[in-house]
Amino acid sequence: DQPIRRDLHFPGPIHMRPSRFGQRHFVMMLASDPKANLDAWAKLPPLKGANRFFGIKRGALTLAEDERERPLLVAQAYGAGRVMAFAADTTSRWWMEGFQPAHKRFWRQTVLWLARKDELQEGSVWIKLSQRRVEPGGRLEFTTGVRSATGDPITDARLEAEAVLPDGTTRPLRLSRHEDAWRGSFAETKTAGDYALRITAQKGDEPLGTARARFLVFEQDLELDNAAADRRGLESLAAMTEGQSIAGPEQLRSLLEELLERTDELEEKTETKHTLWDTWPFLLLLVGLLSVEWFLRKRWGLV
């Protein structure tokens, strides 16, 4: 709870904005158009305070400053690396007050510049699989897209997808647009083996890159998944059928001897009933009587 030392810090509110050198710098570009970029910075909530910079080295560039032109962000190349110093500490206010895209873009571009990734001109193609292991006959869902060097989605890119089968043949896949990404699926997974999805992106005649993701269709044999005997299951089955469970093959001999001594209990009596109606002679007698009756009635003129 000590008061702020004015010789080391200056209190807010502080409106951060690009300096004369920072207006076209990669880190400070919240919009591609210079005027729109300045407007975007002007809309951001003010910061609560910042540290004071003293003795900025020769060759360092002030990329951001406040309304009184006090430096807030200083950057310098050092050998093959890059160094940056940021004086403020409350950019979280941008996120909390509804400026999440600007907050995310500023810090992403800061990290990319420090890693020298701002020099990449081609896009970054990505692909995300719903799973890496698929059972035979299953369907694989995937999402893909392409980002610029700043991490922003490139929505006007043209993407082509294909599946590489275990034998090396390919199958073209259809993609459907979903917000800033594309979705697709692959269902020709009857054969077990190592598969791959390959995505190629381009914008106009300019290639943006490729992405490849592998997945496995595994062989599934339910009988061999667990070859060990299920002792509890066998005991339960024996109890339900009024049988008996034995511990192992060494008890088989004693079990056979016990069954030989109890053969009378194993006898099963079956009762079968036969009637006159179920015999061939009775059927032939019945057919004969009916035939004689018809013959006599015909002879005597009764029919």
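The paragraphs below lead through a predicted model, going from its sheets and loops to its aromatic rings and its surface.

A good place to begin is with the strands, and here a general point helps: strands of a sheet pair through backbone hydrogen bonds, either parallel or antiparallel. In this structure, an open sheet of 4 strands has the order 2-4-5-6, and its pairing is antiparallel. Strand 2 (17-18) and strand 6 (81-86) stand at the edges of this sheet, and each has a single partner strand, so one side of each is left without a neighbour in the sheet. The contact between strand 5 and strand 6 can be followed in detail, since 6 bridges join these two antiparallel strands, and across them Ala77 stands opposite Arg82 of strand 6. When you look along such a strand, it is useful to remember that in a regular strand the side chains alternate between the two faces of the sheet.

Further along the chain, strand 10 (residues 158-164) can be traced to two partners. It is joined to strand 14 by 7 bridges, with the two strands running antiparallel, and within this pairing Ala163 has Leu197 of strand 14 as its bridge partner. Strand 10 also pairs with strand 11 (residues 170-173), again in the antiparallel sense, over 4 bridges, and here the bridge partner of Ala161 is Leu173 in strand 11. Strand 10 and strand 11 form a hairpin with 5 residues between the strands, and in this hairpin Gly168 takes a positive phi near 95°.

The backbone angle of that glycine leads to another general point, namely that most residues other than glycine have a negative phi, and most peptide bonds are trans. Which residues have a positive phi although they are not glycines? One of them is Glu69, with a phi of about 65°; this residue is placed in the loop between strand 4 (61-65) and strand 5 (71-78), and at 57% relative accessibility it counts as exposed. Another is Glu179, whose phi is positive at about 55°. Glu179 is found in the loop between strand 12 (176-178) and strand 13 (181-186), and it counts as exposed because its relative accessibility is 65%, where the cut-off is over 50%.

A loop residue of another kind is Lys43, which lies between helix 1 (34-42) and strand 3 (47-51). Lys43 is exposed, with a relative accessible area of 59%, and its C-alpha atom is separated by 28 Å from that of Lys117, a residue 74 positions away along the chain.

The aromatic side chains give a further way into the fold, and the structure holds 9 aromatic pairs. In one of these, Phe106 and Trp107 meet edge-to-face, at 5.0 Å centre to centre and with 70° between the planes. Are these two residues buried or partly exposed? Phe106 counts as buried at 1% relative accessibility, whereas Trp107, at 32%, counts as partly exposed. A pair with another geometry is formed by Tyr195 and Phe215, which are stacked, with 5.3 Å centre to centre and 20° between the planes. Tyr195 lies in strand 14 (residues 193-203) and Phe215 in strand 15 (residues 206-217), so this pair ties together parts that are 20 residues apart in sequence. Both of its members are buried, Tyr195 with a relative accessibility of 3% and Phe215 with a relative accessible area of 2%.

Phe106 and Trp107 also belong to a wider group, since ring pairs link Trp41, Phe86, Trp94, Phe106 and Trp107 into a cluster. Aromatic rings elsewhere in the model have charged groups over them: Arg133 lies over the face of Phe218, at 4.5 Å from the ring centre, and the charged end of Arg177 sits over the ring of Trp182, 4.7 Å from its centre.

The last stop is on the surface, where Val292, Trp294, Phe295, Leu296, Trp300 and Leu302 make a nonpolar patch of about 690 Å². One of these residues, Val292, lies in helix 8 (residues 280-299), and with a relative accessible area of 47% it is partly exposed.

Notes
Residues are numbered from 1 along each chain as its sequence is written. This is a predicted model: local features need pLDDT of at least 70, side-chain atom pairs count only at pLDDT 80 or more; totals for chains, interfaces and linings use all residues. Side-chain values use heavy atoms; hydrogens and water are left out. Patches are made of residues with over 30% relative accessible area and no salt bridge: like charges are joined within 9 Å, nonpolar side chains (Val, Leu, Ile, Met, Phe, Trp, Tyr) within 5 Å. Accessible areas come from the Shrake-Rupley method with a 1.4 Å probe; for residues, only the protein chains shown count as cover. A salt bridge is a side-chain nitrogen of Lys or Arg within 4 Å of a carboxyl oxygen of Asp or Glu. Buried means under 20% relative accessible area, exposed over 50%, partly exposed in between (1.4 Å probe, protein chains only). Rings of Phe, Tyr and Trp (its six-membered ring) pair if their centres lie within 6.5 Å; planes under 30 degrees apart count as stacked, over 60 as edge-to-face and the rest as tilted. A charge sits over a ring if NZ of Lys or CZ of Arg is within 6 Å of the ring centre and within 35 degrees of the ring normal. Two strands pair if DSSP finds at least two bridges between them.
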